[in-house]
Amino acid sequence: MSLPVLDPTLRRLVSACSEEGGDDPIFALSAEAARRRAGGEDVVDSTLGTLLDEEGRLATIRAVGEAYGRIPWDRGAGYAPIAGARPFLAAVQADLFGSHPVAERAVGVATPGGTGALALAVALFLEPGQSVLTTSYHWSPYATIATQAGRGLETFAMFAADGRLDLAALAEALARSGRRQGRTLLFLNTPCHNPTGYSLDEADWRGLAEVLASAAADQALTVLVDMAYARYARSDPRAWLAHAEPLLGRSTWLVAWSASKAFTQYGARVGALFALEAEARERTRIASALAFACRGTWSNCNHLGMQVVGECLNDPELARRVTAEREELRLLLELRAERFSELARAAGLAHPRYSGGFFVTVACADAARAAARMRARGVFVVPLAGALRVALCATPLRAIPRLVEALAVGVASG
């Protein structure tokens, strides 16, 4: 018996995903750099957001490795609770909020890295078809996360003419979002913004709080603070709490936390999403929704990883050693940033104020063309809309002069 021929125009893969590329552009660029290096070429790869030492090896915190040896194998191999291991969640809550009063208004769950936290927020705080709002410069997977969830992404101009956060642009974007959706989920990546290296300072936060208070009067407002790089900041990573606390009750605040950078455990995929909500009944609803969504997506997270990170946060002596080793890495980043800024200034390259973290961006009109010209010279950076992202975390000090020289040539051509 002959079978009917399937209409070739019919696809089993749903249309929203059928045309999407499977490879992340940043990883693709890094893979090209690796192939050329393997072929004997001397390349500078300033693409991936992983911290490398001066010899190009992955920089890790040795004390974290010791913590892995402390966890009994059978305990690490078992299922974790759906919402996450309680000691881990308590440790992360203390890491985020310390003794600040908002800690009493927090509920949270474990997630597979910071990306899992962002995905959970999009799924629970926006209706299908609605859009996340974030800065014009942003981590590109924000858009991927939104698309995968059946949501969109909208942006506002990140910087005003004075180089600070453009509060007027944000206010306009919040008003548009509120009129169209009745709600806004705002992603703020601070401190140590990826990709610019900018951190909101006290003046930024004061102005931002006024804008958010006004917006919250007309819509359901949720603000997510993406703190993936917070432990590499020059300033107190909890300073923002003083500005968020008065807004609780009029808005919900979320915090995306990640062990990837803070504990140099990129592959462990350990993260958390915490919500700050003033009203107890609403906190209970949010906690239930978070756990329900966990069960329906990844079920539960890396139990061994949670136990290791919890050990590093809860054991005072181990925590001291982790902090000391991380500070060495932070100072290495500072040295690279100082050298980069010095040479970039001399070369006439414009970039936002660096306040810590893994990246800087250099303004460039035609970033794709500039990046291609740089690749021809064996120097790899990531093109963005109107800028080139430079991963200082992956660039040894000795390579920074060559990097800046190539940037100058690329920007001139772009």
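The following conversation asks how several descriptions of this predicted model are reached.

Biologist: Why is His243 called buried or exposed, and where does this residue sit?

Modeller: His243 is found in helix H10, residues 241-244. Its relative accessibility is 12%, and buried means under 20%, so His243 counts as buried. Leaving aside its neighbours within four places in sequence, His243 is in contact with Glu202, Trp205, Arg206 and Ala209.

Biologist: What makes Arg269 buried, exposed or partly exposed?

Modeller: Arg269 has 31% relative accessibility, and because the buried class ends under 20% while the exposed class begins over 50%, Arg269 counts as partly exposed. Arg269 is found in the loop between helix H11 (259-262) and strand S8, and its phi is positive, about 55°, although this residue is not a glycine.

Biologist: Why is a positive phi worth pointing out?

Modeller: Most residues other than glycine have a negative phi. Ser299 also has a positive value, with phi near 70°, and is a residue other than glycine. Ser299 lies in the loop between helix H12 (280-297) and helix H13, and at 18% relative accessibility, set against the cut-off of under 20%, Ser299 counts as buried.

Biologist: How do you know which peptide bonds before Pro191 and Pro195 are cis or trans?

Modeller: The omega angle is what I would quote for each bond: from Thr190 to Pro191 omega is near 0° and the bond is cis, and between Asn194 and Pro195 omega is about 25° and the bond is again cis. Pro191 lies in the loop between strand S5 and helix H9 (202-216), and Pro195 is likewise placed in the loop between S5 and H9. As background, most peptide bonds are trans.

Biologist: How do you know on which side of helix H3 the buried residues lie?

Modeller: In H3, residues 62-70, the buried residues are Ala63, Val64 and Ala67. They cover an arc of only 100° around the axis, which puts them on the same side of H3. On the other side of H3, Arg62 and Gly69 are exposed. The general geometry is that an α-helix has 3.6 residues a turn, so residues three or four places apart point the same way.

Biologist: What do the buried residues of H3 pack against?

Modeller: They pack against helix H13 (303-314) and helix H14 (316-347).

Biologist: What makes H13 and H14 roughly parallel or roughly perpendicular?

Modeller: The axes of H13 and H14 come within 5 Å and cross at roughly 95°. Angles of 65 to 115 degrees count as roughly perpendicular, which makes H13 roughly perpendicular to H14. In this contact, Glu311, Cys312, Leu313 and Asn314 of H13 meet Pro316, Leu318, Ala319 and Val322 of H14, and by class the contact has six nonpolar, one polar and one charged residues.

Biologist: Why is the sheet of seven strands called open, and which strands stand at its edges?

Modeller: The seven strands follow the order S2-S8-S7-S6-S5-S3-S4, with mixed pairing. Strand S2 (106-111) and strand S4 (152-156) stand at the edges, each with a single partner strand, so one side of each is left without a neighbour in the sheet. Neighbouring strands of this sheet are turned by 25° against each other on average, direction ignored.

Biologist: How do you know that the pairing is mixed?

Modeller: Both directions of pairing can be found around strand S7. Strand S6 (residues 220-226) and S7 run parallel and are joined by six bridges, whereas S7 and strand S8 (residues 271-276) are joined by six bridges and run antiparallel. For single pairs, Leu221 has Ser251 in S7 as its bridge partner, and Ser258 stands opposite Gly271 in S8. Strand S5 (residues 183-189) and S6 run parallel, with seven bridges, and one of the pairs there is Phe187 with Leu224 in S6.

Biologist: Why is S7 described as mostly covered, and on which faces?

Modeller: In S7, residues 251-258, eight of its eight residues are buried. In a regular strand the side chains alternate between the two faces of the sheet. Ser251, Trp253, Val255 and Trp257 on one side, and Thr252, Leu254, Ala256 and Ser258 on the other, are all buried, and both faces of S7 are thus covered. Helix H6 (residues 113-125) lies across S2, strand S3 (131-135), S5, S6, S7 and S8, and runs at about 155° to S7.

Note on methods:
Residues are numbered from 1 along each chain as its sequence is written. This is a predicted model: local features need pLDDT of at least 70, side-chain atom pairs count only at pLDDT 80 or more; totals for chains, interfaces and linings use all residues. Side-chain values use heavy atoms; hydrogens and water are left out. Buried means under 20% relative accessible area, exposed over 50%, partly exposed in between (1.4 Å probe, protein chains only). Helices (H or I, at least four residues) and strands (E, at least two) are DSSP runs, numbered from the N terminus. The arc is that of the directions from the helix axis to the C-beta atoms. Contact means heavy atoms within 4.5 Å. Axes are lines fitted to C-alpha atoms, for helices over the stretch in contact, and angles run from 0 to 180 degrees between N-to-C directions. Angles under 35 degrees count as roughly parallel, over 145 as roughly antiparallel, 65 to 115 as roughly perpendicular and the rest as oblique. Ala, Val, Leu, Ile, Met, Phe, Trp, Tyr, Cys and Pro count as nonpolar, Asp, Glu, Lys and Arg as charged, and the others, Gly among them, as polar. Two strands pair if DSSP finds at least two bridges between them.
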